[in-house]
Amino acid sequence: MRVAIIQMKSISGDKAANFRLAEQLLQQAAGGGARFAVLPELWSTGFDLAQAVVCGESLQGETVAFLRHMAQSLSLEIGGGSFVEEKQGKYYNTSLAIGANGQIITKYRKVHLFSYDMAEDQYLSAGDQWVGYDSPVAALPVAMMICYDLRFPEFARNLALRGNRIFTVPACWPAIRIEEYRLFCRSRAAENRCFLLSANQCGDIYGGHSLIVSPFGQILAEADKENQVLMADLDFNLFADSRLFASFQDRRPLLDEIDNGLL
């Protein structure tokens with residue numbers, strides 16, 4: 001299956017400009033034969049959270065309508081990056097999976113909010129569910145994460161233990177920590193024997209270098225620091241490769257559990 005990563009520099013608060021750029025890049029992906037595409041985190045508004053909350057919208061809003069239209073018109077399954085979802089006075093960093101028929105398959109609200117220097121937890125509410133779905137295009141279970149979730153290996157492991165074989169990870173990862181991003185993407189893929197597709201924002205403080213990683217942790221494709229459509233062909237026959245042993249059967253769940261009393 002050919003997949004595409006949409007790496008783009010969003011203009012803070014300018015949805016119209018961001019829609020135009022996303023449309024151009026999604027059309028390029030579909031024209032190149034991609035059947036599945038992933039957008040970055042908060043691509044339609046940028047990561048200026050004060051501005052993003054002002055632009056927050058429901059599932060009936062213009063960002064979701066745009067994604068549904070693009071998916072249907074291009075016959076492309078879309079991991080819709082993320083947008084600020086407003087519901088009953090609360091705001092969430094929400095990612096959608098949208099089928100090639102334009103229908104919403106499922107949604108994931110970011111569980112781990114980045115408090116360190118972005119104060120994401122002061123603007124947004126956290127999700128509280130693992131989310132995976134059966135992809136109509138891939139015919140495999142796909143798990144959804146967002147950016148900072150990469151720093152929590154137990155989160156990805158739980159998604160893998162639930163049978164997911166592909167991770168989608170929209171991101172706004174800063175350039176100053178880009179080597180950690182590359183490390184985490186490869187690690188989460190290899191340790192869980194999953195493909196990982198991560199679309200990062202670029203420009204300003206964001207580091208680009210979006211990645212498509214194999215279940216061996218090999219980088220199949222990597223972007224630079226500019227607006228770009230990154231593509232690769234995923235070979236699902238890898239899951240039958242004898243070298244792709246999974247260590248899950250050797251886990252000691254009693255000792256693997258996190259003892260919060262030690263924190």
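In what sense do S1 and strand S15 pair, and over how many bridges? I'm working from a predicted model here, and I looked this up to start. S1 pairs with S15 (residues 228–233) in the antiparallel sense, and the pairing covers six bridges. I went for a residue to pin it down and found Arg2 standing opposite Asp233 in S15.

Next entry: the S2 partner. S1 and strand S2 (residues 36–38) run parallel, joined by three bridges. Here I noted Ile5, which stands opposite Val38 in S2. I then traced how the chain gets across: it leaves S1, passes through helix H1 (residues 15–31) and arrives at S2, a β-α-β crossover that is right-handed.

Is S1 largely enclosed or not? I checked burial. Five of the six residues of S1 (residues 2–7) are buried, so the strand is largely enclosed by the rest of the structure.

Then I turned to the nonpolar cores. The largest one holds 49 residues. I jotted down those with the most contacts inside it: Met145, Leu150, Phe167, Tyr181, Leu196, Leu197 and Ile212. Helix H6 (residues 178–192) supplies five residues, the largest share of this core.

I picked Leu196 for a closer look. Skipping neighbours within four places in sequence, I got contacts between Leu196 and Leu150, Phe167, Val169, Cys185, Arg188, Ala189, Leu211, Ile212 and Val213.

Last entry: another core lies apart from that one, with 24 residues. Ala4, Ala22, Phe66 and Leu96 are among them.

Note on methods. Residues numbered from 1 in each chain as written. Predicted model: local features only at pLDDT ≥ 70, side-chain atom pairs only at ≥ 80, totals over all residues. Heavy atoms only, no water. Buried < 20%, exposed > 50% of the residue type's maximum accessible area, 1.4 Å probe, protein only. Helix = DSSP H or I, 4+ residues; strand = E, 2+ residues; numbered from the N terminus. Pairing = 2+ DSSP bridges. Right-handed = clockwise from strand over helix to strand, strands pointing away. Core = buried A, V, L, I, M, F, W, Y, C linked by side-chain atoms within 4.5 Å. Contact = heavy atoms within 4.5 Å.
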